[in-house]
Amino acid sequence: MYDTILAPTDGSGETSKTLEHAVSIAADNDATIHGLYVLDRRMYLAAEKEAQEEVIESLETDGEAALDRLRTQVEKAEVPVVTELRKGIPHRDILRYAGDIDADLIVMGTHGRTGRDRIANLGSVTQRVVENADIPVLVVDIADE
């Protein structure tokens with residue numbers, strides 16, 4: 001039923017709890033998990049012109065670290081994994097990437113934004129993905145875990 005599962009990450013600790021669900025589904029279906037980190041371009045565009053490159057580098061470092069953690073968790077479960085870092089607007093790029101890889105399922109948490117992301121994002125990325133996706137979205141409630 002599921003061959004390609006998209007598991008976006010924002011790098012927060014809650015992502016690993018959401019990923020447990022994605023890994024379980026992938027293992028049951030011999031599916032591949034695609035981990036995606038979207039570097040929110042609004043973060044560096046809001047910075048002073050002189051600071052933008054430094055902000056981009058910092059966000060890229062955060063994104064690579066988040067993808068490394070995701071890759072490690074999925075590989076431990078012996079599930080195939082592919083990761084990608086993109087620059088854009090998170091909900092739009094999650095949906096675009098889902099189409100690019102012909103995903104069968106998107107697995108996301110109810111929240112998880114921390115630090116910079118909590119300030120920058122007005123509204124919920126997950127909510128926007130759910131409202132606009134044309135494939136199933138599994139939303140894992142991680143508020144009380």
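Two strands count as paired if DSSP finds at least two bridges between them. Keep that idea at hand for these close-up views of a predicted model.

**View 1. Strand β4 and its bridges to β1.** Isoleucine 5 has leucine 105 in β4 as its bridge partner. Two bridges join β1 to β4, and the two strands run parallel. Now look at β4 by itself: how many of its residues are buried? Five of the five are, so β4 is largely enclosed by the rest of the structure. Follow the strand along and you will see Leu105, Val107 and Gly109 pointing one way, while Ile106 and Met108 point the other way. Residues on both sides of β4 are buried.

**View 2. From β4 across to β5.** Here β4 meets β5 in a parallel pairing made of four bridges. To find your place, start at methionine 108, which stands opposite valine 139 in β5.

**View 3. The whole sheet.** Step back a little, and the strands join into an open sheet of five, in the order β3-β2-β1-β4-β5, with parallel pairing. Which strands stand at the edges? They are β3 (81-88) and β5 (137-140); each has a single partner strand, so one side of each is left without a neighbour in the sheet. From one strand to the next, the twist averages 25 degrees.

**View 4. The β2 and β3 pair, with helix α3.** Strand β2, residues 32-40, runs parallel to β3 and is joined to β3 by eight bridges. One pair to look for is tyrosine 37 with leucine 85, its bridge partner in β3. Helix α3 (residues 52-76) packs on the sheet here, touching β1, β2 and β3. The direction of α3 makes about 160 degrees with that of β3.

**View 5. Helix α1 over the strands.** Helix α1, made of residues 14-29, lies across β1 (4-8), β2, β4 (105-109) and β5. Compared with β1, helix α1 runs at about 175 degrees.

**View 6. Where α1 meets α3.** These two helices pack at an angle of about 40 degrees, and their axes are 10 Å apart. Are they parallel or oblique? They are oblique to each other, because angles under 35 degrees count as roughly parallel, and this one falls outside that range. Their crossing is right-handed. On the α1 side, the contact is made by Ser16, Leu19, Glu20 and Val23; on the α3 side, by Leu70, Gln73 and Val74. Sorted by type, the contact residues are four nonpolar, two polar and one charged.

**View 7. Two loop residues with positive phi.** Glutamate 78 sits in the loop between α3 and β3. Its phi is near 60 degrees, a positive value in a residue other than glycine. Glutamate 78 is exposed, with a relative accessible area of 75%. In the loop between α4 (90-100) and β4 you can find aspartate 102. Phi of aspartate 102 is near 55 degrees, again positive in a residue other than glycine. With 60% relative accessibility, aspartate 102 counts as exposed.

**View 8. Putting the pieces together.** The protein has six helices and five strands. Starting at the N terminus, you can trace them in the order β-α-β-α-α-β-α-β-α-α-β. Of the 145 residues, 43% are buried. Among contacts with a separation of 6 or more, 74% come from residues 24 or more positions apart.

Terms used
Residues numbered from 1 in each chain as written. Predicted model: local features only at pLDDT ≥ 70, side-chain atom pairs only at ≥ 80, totals over all residues. Heavy atoms only, no water. Axes fitted to C-alpha atoms, helices over the stretch in contact; angles between N-to-C directions. Contact = heavy atoms within 4.5 Å. Parallel < 35°, antiparallel > 145°, perpendicular 65-115°, else oblique. Left-handed = near helix turned anticlockwise from the far one by under 90°. Nonpolar A, V, L, I, M, F, W, Y, C, P; charged D, E, K, R; others polar. Buried < 20%, exposed > 50% of the residue type's maximum accessible area, 1.4 Å probe, protein only.
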